[in-house]
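This report describes selected features of the protein shown below. It covers nonpolar cores, a helix pair, individual buried positions and backbone geometry.

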Amino acid sequence: MYLLKQIPEDFVVKEISNVVVSNSGKYLYFKLSKREENTLDVIKNLSKALHLPEKNFGVAGNKDRNALTEQICSVLGTTKENLLKVKLNNLTLEFLGYGEIPISLGDLEANYFEIVIRNLEPKTKVNKTGYFPNYFDEQRFSEHNVEIGRALVKKEFKKAAELVDNRNSQDWLQERPQDFVGALKKVPIRLLRIYINAYQGYLWNETVSLYLKKKVKNYTESEYSQGKLVFVEEPEKLKDLKIPIVGFGGEDLIKDKEIKVIIESLLQKEKLSYSDFIIKQIPELTLEGEERAAFVEVRDLRTGKLELDELNSTKHKIKVSFTLGKGSYATLCIRALFN
């Protein structure tokens, strides 16, 4: 079995930004380069260092912890001088300029990856695939993300509050043991949305896997923390397929009857309706449905040569690089290349 991310240097991610930088504006833009740090944790630490609320920071995406990553961020309420004074372990900040709008999730063109795959057999072959299923991978799910997201959507706020690992939330419950909504409101909205996104991602993965099993004769299954993912031969034949992410109003996006039946069966199994994604108690968590491409193109794929793996005796390693559109997972590309 191949190994990923044995050391952070094995996994390099560079954001290809679409942000327009100028010489003036109320938002300050900077490049964040980090090693072995989660994006959300970095923002939390920056907010403390600059004495600013976390909501003043904007990012286009959450980058891997166990990796070397570069991404463009925005901040409101500080100066270039104050920003560059910040000294935190495992990260560097580079001032880029200014703009009139904050950076939001999705404000990027693509991500470029350089990845070392280890623990390979000497005659390992790389599948030169041009497309692969655009599943959500483990980075989205963590240990309890899906469970917390499910509880939030179902309005099981007690369960969600008990599962969320947040000091402010727990302190709130110590003083007000029955105010679970109030406790959840002490958690950054950005993080609460991640939990619901994880639940939506699980439902989407299930929809795609079930659909591919119905439509394709030749497929393989690959296990992950939430179940099994289906990979198919000749994925380019399905490159234009789009499948809705379940959310408020998402039923209007379904044009394929087979997809509609699959989603309805999943909702029945989960005891859900589309309207459950309206969360009146915390309105900022109401998320609409949207279409997502079922397959993603692998651009500029380059593979190196098999070499001896200095970290795994008798095994080999290989370096690959490629570019993926925003919201797609390099770890799943590696599954497709080495499945």
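## Cores, helix packing and selected residues

F338 touches Y2, I117, L120, T124, K125, V126, N127 and I318, with residues up to four places away in sequence not counted. The model in which this set of contacts is found is a predicted one.

F338 also has a prominent place in the largest nonpolar core, which holds 78 residues. Together with I115, I117, L152, L184, F322 and I334, F338 is among the residues that touch the most other members of that core. Helix α8, spanning residues 189-215, supplies the largest share of this core, namely eleven residues. Another core lies apart from it and consists of 16 residues, including F30, L50, L52 and L91.

Helix α8 also packs against helix α4, which covers residues 145-153. The two axes come within 7 Å of each other and cross at roughly 100°. Because angles of 65 to 115 degrees count as roughly perpendicular, α4 and α8 are assigned to that class. On the α4 side, the contact is made by N145, V146, I148, G149, R150, L152 and V153. Their counterparts in α8 are L192, I194, Y195, I196, A198, Y199 and Y202. By residue class, this contact comprises eleven nonpolar, two polar and one charged residue. L152 thus appears both in the contact with α8 and among the residues with the most contacts in the largest core.

Helix α10, residues 330-338, contains T331, and I334 is placed in α10 as well. I334 is buried, with a relative accessible area of 0%. Beyond its neighbours within four places in sequence, I334 is in contact with Y2, L4, I115, I117, V320 and F322. Of these, I115, I117 and F322 are listed with I334 among the residues that touch the most other members of the largest core.

T331 counts as buried at a relative accessibility of 9%. With residues up to four places away in sequence excluded, T331 touches Y2, L4, K5, F11, D137 and Q139. The side chains of T331 and Q139 are joined by a polar contact of 3.4 Å. Y2 is listed among the contacts of T331, of I334 and of F338.

L267 belongs to helix α9, which runs over residues 257-270. L267 also counts as buried, at 5% relative accessibility. Apart from neighbours within four places in sequence, L267 is in contact with V246, L272 and Y274. Two C-alpha separations place L267 relative to other parts of the chain, as tabulated here.

| Residue pair | Separation in sequence | C-alpha to C-alpha distance |
|---|---|---|
| L267 and V12 | 255 residues | 38 Å |
| I334 and L267 | 67 residues | 31 Å |

Which backbone angle calls for comment in the loops? Most residues other than glycine have a negative phi. E36, which is not a glycine, has a positive phi of about 55°. E36 is situated in the loop between β2 (27-35) and α1 (39-50). At 36% relative accessibility, E36 counts as partly exposed.

K155 likewise has a positive phi, near 65°, in a residue other than glycine. The loop between α4 and α5 (157-163) holds K155. K155 counts as partly exposed, with a relative accessibility of 26%.

Technical notes:
Residues are numbered from 1 along each chain as its sequence is written. This is a predicted model: local features need pLDDT of at least 70, side-chain atom pairs count only at pLDDT 80 or more; totals for chains, interfaces and linings use all residues. Side-chain values use heavy atoms; hydrogens and water are left out. Helices (H or I, at least four residues) and strands (E, at least two) are DSSP runs, numbered from the N terminus. Buried means under 20% relative accessible area, exposed over 50%, partly exposed in between (1.4 Å probe, protein chains only). A polar contact is a pair of N or O atoms within 3.5 Å; within protein, one must be able to donate a hydrogen and the other to accept it, and residues adjacent in sequence count only if both atoms are side-chain atoms. Contact means heavy atoms within 4.5 Å. A nonpolar core is a set of buried Ala, Val, Leu, Ile, Met, Phe, Trp, Tyr and Cys residues joined through side-chain atoms within 4.5 Å. Axes are lines fitted to C-alpha atoms, for helices over the stretch in contact, and angles run from 0 to 180 degrees between N-to-C directions. Angles under 35 degrees count as roughly parallel, over 145 as roughly antiparallel, 65 to 115 as roughly perpendicular and the rest as oblique. Ala, Val, Leu, Ile, Met, Phe, Trp, Tyr, Cys and Pro count as nonpolar, Asp, Glu, Lys and Arg as charged, and the others, Gly among them, as polar.
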